[in-house]
Amino acid sequence: MSDTNTPKTKVKKESQLLGVLRRLKKNKLAMLGGVILIIIVLAAIFAPFLTPYTYEEMDYANVLSGPSRQHLCGTDNLGRDLLTRMLYGARYSLALGFVSVIFSQVFGITIGSIVGYYGGRVEDVVMRILDVIQSIPGTLFTITVAAVFGSGFVNTILALGITHIPGSARTTRALVLSVRKNDYLEAAEACNCSDIRKIATHILPNILSYMIVSWTTATAYTILQAASLSYIGLGVQPPAPEWGALVTAARSYLRDYTYLMIFPCICIALTVLSLNLLGDGLRDAMDPKMKR
């Protein structure tokens, strides 16, 4: 006869966020990417405390001097410390990546949610417009938009953000279509929830995990595009120490002073690599098949 007074053991259910973090910790490459990204972000934030120079300070006694104890990454053609300019340049490059992706996601999620939820003729018209835009090669479209707005930090953000709106809208629409017929939406409809509330509180939270993965890869690609625009004269221009602008300034000295281009390119490569590794790790951690 079983003892009915025996206390029952309560099994604590793991939250979805903790489950994702637990699986993410097992991915060594994703953790490496996260550590590299954190280091770069912290270096950008605390740049004034990591170097004794300002990014505009000139040392005429050490013009185009190679890496040394005084200047760890050398100096440029005006005697400015290259390490300092790269640390401050991280602020520009990271801001271009993150802000332009946020800009594109705000509009892309709005458009994709509306057309994916309502469908019908509006969806057909919007999707055909997006098809026309995306038929243009991405780099060419970015260059065209950047040429219209002109160079500069804010204009580069607008150019990059506008370029990525169609892709964001299409991705959001596909995700909305995948959950539009789920039971919890039928329950919300039975409770007379408004369409805005159903989209904001039921649809978007359930597709957020998939969107986060796309955000990381989009940010990596945007940082690379921003550097490319600066290199051809349509992005952030010198004397701003954005990484692409540093590479542009180093073109004239590539043969004799290779370090001027190597170090900024390493910064770009490490940032893009860290975001891609983190994005791949998040994709695997958020995959339901990985929960087994």
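**A tour from Asp76 outward**

Select Asp76: this residue is buried, with a relative accessible area of 8% (buried means under 20% relative accessible area, exposed over 50%, partly exposed in between, with a 1.4 Å probe and protein chains only). The model is predicted, so local features need pLDDT of at least 70 and side-chain atom pairs count only at pLDDT 80 or more, while totals for chains, interfaces and linings use all residues. Residues are numbered from 1 along each chain as its sequence is written, and side-chain values use heavy atoms, leaving out hydrogens and water.

**Charged pairs**

Add Arg80 to the selection. Arg80 and Asp76 form a salt bridge, with the closest N and O atoms 2.8 Å apart (a salt bridge is a side-chain nitrogen of Lys or Arg within 4 Å of a carboxyl oxygen of Asp or Glu). Arg80 is buried too, at a relative accessible area of 11%. Next, add Arg85, whose side chain meets that of Asp76 in a salt bridge of 3.9 Å, N to O. Arg85 is buried, as is Asp76. Asp76, Arg80 and Arg85 are thus displayed together as a network of salt bridges.

The whole structure has 5 salt bridges. For another one, select Arg173 and Glu123, whose side chains meet at 2.6 Å, N to O. This pair links distant parts of the chain, 50 residues apart: Arg173 lies in helix H7, and Glu123 in helix H5 (residues 120–134). Helices (H or I, at least four residues) and strands (E, at least two) are DSSP runs, numbered from the N terminus. Glu123 is buried, with a relative accessible area of 11%.

**Helix H7**

Now select residues 153–179, the 27 residues of helix H7. The expected span of a helix is 1.5 Å times one less than its number of residues. For H7 this gives 39 Å, and the end C-alpha atoms are 38 Å apart, which agrees. Look at Ile165, where H7 bends by about 35°; Pro166 follows within four residues. The bend is the angle between axes fitted to the seven residues ending there and the seven starting there.

**The nonpolar cores**

Which residues touch the most other members of the largest nonpolar core? Select Leu82, Met86, Trp243, Leu260, Ile268 and Leu282, from a core of 31 residues. A nonpolar core is a set of buried Ala, Val, Leu, Ile, Met, Phe, Trp, Tyr and Cys residues joined through side-chain atoms within 4.5 Å. H11 gives the most to this core, with 10 residues.

Finish with another core, apart from that one, of 12 residues, among them Ile157, Leu229, Leu234 and Ala240.
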